[in-house]
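Please open the model in your viewer and keep the selection panel at hand, since this tour moves from one selection to the next.

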Amino acid sequence: MSLAPARAAEIDAWLAEARAWTDRELDRLLPPPHAEPRRVHEALRYAVFGGGKRLRPAVLRLVAAHYGGTEREAALCAVALECVHTYSLVHDDLPCMDDDDLRRGRPTVHRVFGEAVAVLCGDALLTHAFALLARTGPLCGDLVGVLADAAGASGMVGGQDLDLAATRGAAPTVDAQEVAHIHELKTAALIAAAAEMGAIAARARPTERIAAQAYGLALGRCFQAVDDILDVTGDAATLGKTPGKDQAAGKATLVAALGLEGARKRAKELALDARQAAEALGAVKGDLAYDLVSHLLARRT
Ligand code: GRG
């Protein structure tokens, strides 16, 4: 189901506004570039202000608003999330991982600042995320728990390990279920955390938290399916990263498992799941949480 052009433009405008809000809050809540250790903080700001989509903060803010939360409370969580996300990109690009030269259309952090500073930059981002959540008062315990689970070995780190192992394994066939498991851990877990943290920041009820988490998870699965497709169909100028790398590296992607058409079909099925999860959240067609699914399915970047 594709969106009418006017609706797609509205969602683009909403995403742009969420991006501007996130950038302002990042600037306010990150250490200044001249703070010591200067090299680490320069690298940190280079990594963060490299033009990311800010999807995770946008989802968090959307869910927080849905449950009547304030932007002030969502801000600390949004910045913490984007710190964790950016750290994962900086470390993922390192020579010992995906060894990438290009990210968000610019040289990767280790190409500009060197490998050691890139490792420290990622470490500083991850640590800063939890320092920010320490400032959320009575919500702190819940927020730290959700973000730590999503970022750690039971989430993103675990997904990265499976991803690297599947790449090294170079198995003759790629199993779609294994790919789905990797997607869930390496990508969807953090987007699920974004939605759940939005609900926590708005002091939503436990059942609402669960619905928010399920929505983020479904959205994240669909998002990563599209990412696998874009690796094959996208170009460097639009993507801001090197296309074709997953394929060249023999990664366990949805396209490797199902072929391009099979992956497209699967992405549409995942979008259907995500729309159902949006409905469980109380959103209907025409609401942002619902229409965002179609927008992400159609994305080119
Ligand atoms: C945790 C040590 C460690 C390494 C990193 C998950 C991961 C592990 C790295 C991220 C690499 C990757 C391609 C993950 C899939 C998730 C994904 C699609 C990331 C890109 O997210 P976007 O498109 O990026 O939202 P922008 O640049 O827009 O913020």
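What follows is a walk through a ligand site, three helix pairs and two loop positions.

Bear in mind throughout that this is a predicted model.

**The ligand site**

Begin by selecting the ligand together with its neighbours, of which there are 18 residues, the closest being K53, R56, H85, S88 and R104. Then show the side chain of K53, where an N or O atom stands 2.6 Å from an oxygen atom of the ligand. Adding H85 brings in a polar side-chain atom that lies 2.7 Å from an oxygen atom of the ligand, and adding R104 brings in a side-chain N or O atom 2.8 Å from an oxygen atom of the ligand.

**Helix α3 against helix α9**

R56, one of the closest residues around the ligand, also takes part in the contact between α3 and α9, which is the next place to go. Select residues 55–66 for helix α3 and residues 176–201 for helix α9, and you will find that their axes come within 7 Å and cross at roughly 30°. Since angles under 35 degrees count as roughly parallel, α3 and α9 are therefore roughly parallel to each other. The crossing in which α3 passes α9 is right-handed. To see the contact itself, display L55, R56, V59, L60, V63 and A64 on the α3 side, and L190, I191, A194, A195, M197, G198 and A199 on the α9 side. Coloured by class, the residues of this contact comprise eleven nonpolar, one polar and one charged.

**Helix α3 against helix α10**

Keep α3 selected and add α10, residues 206–233; what angle do the axes of α3 and α10 make where they cross? The two axes cross at roughly 150° and come within 12 Å. Because angles over 145 degrees count as roughly antiparallel, α3 and α10 are roughly antiparallel to each other. Here α3 passes α10 in a right-handed crossing. The residues to display are L55, R56, V59, L62 and V63 from α3, which meet A212, Y215, L219 and F223 from α10. By class, this contact of α3 with α10 has eight nonpolar residues, no polar ones and one charged residue.

**Helix α10 against helix α13**

Now release α3, keep α10, and select residues 254–280 for helix α13, whose axis comes within 8 Å of that of α10, the two crossing at roughly 155°. That angle makes α10 roughly antiparallel to α13. The crossing of α10 past α13 is left-handed. Colouring the contact of α10 with α13 by class will show 21 nonpolar residues, one polar residue and four charged residues.

**Two loop positions**

For the last stops, turn to the backbone and select E36 and P37, which are joined by a cis peptide bond with omega of about -5°. P37 is found in the loop that runs between α1 (5–29) and α2 (38–48). Finally, select D99, which sits in the loop between α4 (71–92) and β1 (102–103). Although D99 is not a glycine, its phi is positive, at about 50°.

How values were computed: Residues are numbered from 1 along each chain as its sequence is written. This is a predicted model: local features need pLDDT of at least 70, side-chain atom pairs count only at pLDDT 80 or more; totals for chains, interfaces and linings use all residues. Side-chain values use heavy atoms; hydrogens and water are left out. Axes are lines fitted to C-alpha atoms, for helices over the stretch in contact, and angles run from 0 to 180 degrees between N-to-C directions. Helices (H or I, at least four residues) and strands (E, at least two) are DSSP runs, numbered from the N terminus. Angles under 35 degrees count as roughly parallel, over 145 as roughly antiparallel, 65 to 115 as roughly perpendicular and the rest as oblique. A crossing is left-handed if the near helix is turned anticlockwise from the far one by less than a right angle, and right-handed if clockwise. Contact means heavy atoms within 4.5 Å. Ala, Val, Leu, Ile, Met, Phe, Trp, Tyr, Cys and Pro count as nonpolar, Asp, Glu, Lys and Arg as charged, and the others, Gly among them, as polar. A residue is near a molecule or strand if one of its heavy atoms lies within 4 Å of it. A polar contact is a pair of N or O atoms within 3.5 Å; within protein, one must be able to donate a hydrogen and the other to accept it, and residues adjacent in sequence count only if both atoms are side-chain atoms.
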